[in-house]
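Trainee: Take me through one part of this model closely. I would like the nonpolar core, and then whatever around it helps to place it.

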Amino acid sequence: QLISTLIGIILIIYTLWEFDSAVREFTIFLRRQNNELKYAKKTAEEMIRLKTNFLTNMSHEIRTPINGIMGLSELISSEKCPEEIKKLVSMQRESSKRLISTINSIIELAKLEAESGPVETADSLIEPILENSIKLFQTKAKSKGLKINYQPTGNNFSVKSTDIILQKSIENILDNAIKFTNEGSVNIDIEATKHHIYLNITDTGIGISKDFLPKVYNAFEQESEGLGRSHEGSGVGLSIVKKYMDSIGGNITIESSKGIGTRVSLIFPTHSNQII
């Protein structure tokens, strides 16, 4: 009986020793994994920072000569010259604007990726910013024979955002609506609930297929790609807006039917009890 007891005690001690050893090894493993994850996170953050710095510096180097080209184009346009020259200068100016716009979009996306996380918000009045944005796109819409329909509500709707985020989000969606609409109109309305303001922008454009809808927020990805794509653009507009809305605790939803049109809803948070 004594021998059996001793053997039992020895087995228990051995088991506890093995268990303690296994715990120590597992703890060392977890610590190593944690250190590796911290290093990987730090490396990734450093890579994003370097990418952002590179893009910012390169954008400055590219913007400077382009602004010079645009200035010369304006100067030539103001002079007396053949109509054919003016057409060529106008094409040159539009190409420069498109290049500047692409660079700005890429830089903005890089900055948002590098500075991911919530931003400090304030109360922003939505209608004055919306009306200014509509004015900016009226000429572009008229050139395509489109009408922008919007009826001011007369309410001072305030959302939790920043004026910059509000403006850039609206302009990106308006730009897409006009770009992908060849005939018809772009309709804008505002809805209010107890805690959210819905800004709805609906177009009668080409629409988005059901297969591509899950990919609309992927940067640099468009439904029409390659040399035969139907519309110009870098494909980062919706990615930027999605990151903007996430940073203020808002949301963006898209409903679309191919050949019928698209409805984009920007959902802004608000602490006010605002109901239309």
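Mentor: Start with the term. A nonpolar core is a set of buried Ala, Val, Leu, Ile, Met, Phe, Trp, Tyr and Cys residues joined through side-chain atoms within 4.5 Å. Buried means under 20% relative accessible area. Keep in mind that the model is predicted.

Now the core itself. The largest one has 42 residues. Ile126, Ile188, Leu199, Leu266 and Phe268 have the most contacts inside this core. By element, helix 4 (residues 163-179) gives the largest share, 7 residues. A second core is separate from the first and has 5 residues, including Ile66, Met70, Ile100 and Ile107.

Look at Ile126 next. Leaving out residues up to four places away in sequence, Ile126 touches Phe157, Val159, Leu166, Ile190, Ile197, Leu199 and Phe268. Leu199 and Phe268 are also among the residues with the most contacts inside the core.

Leu199 leads on to Ser265. Ser265 sits in strand 7 (residues 261-269). With the same sequence neighbors left out, Ser265 touches Leu199, Asn200, Asn251, Ile252 and Thr253. Ser265 has a relative accessible area of 7%, so this residue counts as buried. A polar contact of 2.6 Å joins the side chain of Ser265 to the side chain of Asn200.

Step back to the fold for a moment. The protein chain has 5 helices and 7 strands. Along the sequence they run α-α-β-α-β-β-α-β-β-α-β-β. Of its 276 residues, 33% are buried. Take the contacts between residues at least 6 apart in sequence: 71% of them join residues at least 24 apart. The accessible surface totals about 17,500 Å², with 58% belonging to carbon and sulfur atoms.

Salt bridges give another set of links. The whole structure has 4. One is between the side chains of Lys160 and Asp123, at 2.6 Å from N to O. Lys160 is in strand 3 (residues 158-161) and Asp123 in strand 1 (residues 122-125), so the bridge ties together parts 37 residues apart in sequence. The two ends differ in cover. Lys160 has 18% relative accessibility and so counts as buried. Asp123 has 53% and so counts as exposed.

A further bridge involves helix 4, the element with the largest share of the core. The side chains of Asp175 and Lys140 meet at 2.5 Å, N to O. Asp175 belongs to helix 4 and Lys140 to helix 3 (residues 126-143), and the two residues are 35 apart. Asp175 is partly exposed, at 23% relative accessibility. Lys140 is partly exposed as well, with a relative accessible area of 33%.

Strand 7 takes part in a bridge too. Glu191 pairs with Arg263, and their closest N and O atoms are 3.4 Å apart. Glu191 is in strand 4 (residues 185-192) and Arg263 in strand 7, 72 residues apart. Glu191 has a relative accessible area of 38%, which makes this residue partly exposed. Arg263 is also partly exposed, at 26% relative accessibility.

Helix 5 deserves a look for its burial. Of the 11 residues of helix 5 (residues 237-247), 8 are buried, so this helix is largely enclosed by the rest of the structure. The buried ones are Gly237, Leu238, Ser239, Ile240, Val241, Tyr244, Met245 and Ser247. After helix 5 comes Gly249, with a positive phi near 80°.

Finish outside, on the surface. Leu72, Leu75, Ile76, Ile85, Leu88 and Met91 form a nonpolar patch there. Together these residues have about 550 Å² of accessible area. Helix 1 (2-78) and helix 2 (83-114) each contribute at least two residues of the patch. Ile76 is a residue of helix 1. Its relative accessibility is 35%, so Ile76 counts as partly exposed.

Technical notes
Residues numbered from 1 in each chain as written. Predicted model: local features only at pLDDT ≥ 70, side-chain atom pairs only at ≥ 80, totals over all residues. Heavy atoms only, no water. Helix = DSSP H or I, 4+ residues; strand = E, 2+ residues; numbered from the N terminus. Buried < 20%, exposed > 50% of the residue type's maximum accessible area, 1.4 Å probe, protein only. Polar contact = N/O pair within 3.5 Å; in protein donor to acceptor, adjacent residues only side chain to side chain. Contact = heavy atoms within 4.5 Å. Patch = residues over 30% accessible without salt bridge, like charges linked within 9 Å, V, L, I, M, F, W, Y side chains within 5 Å. Areas by Shrake-Rupley, 256 points an atom, 1.4 Å probe, with all protein chains shown as cover.
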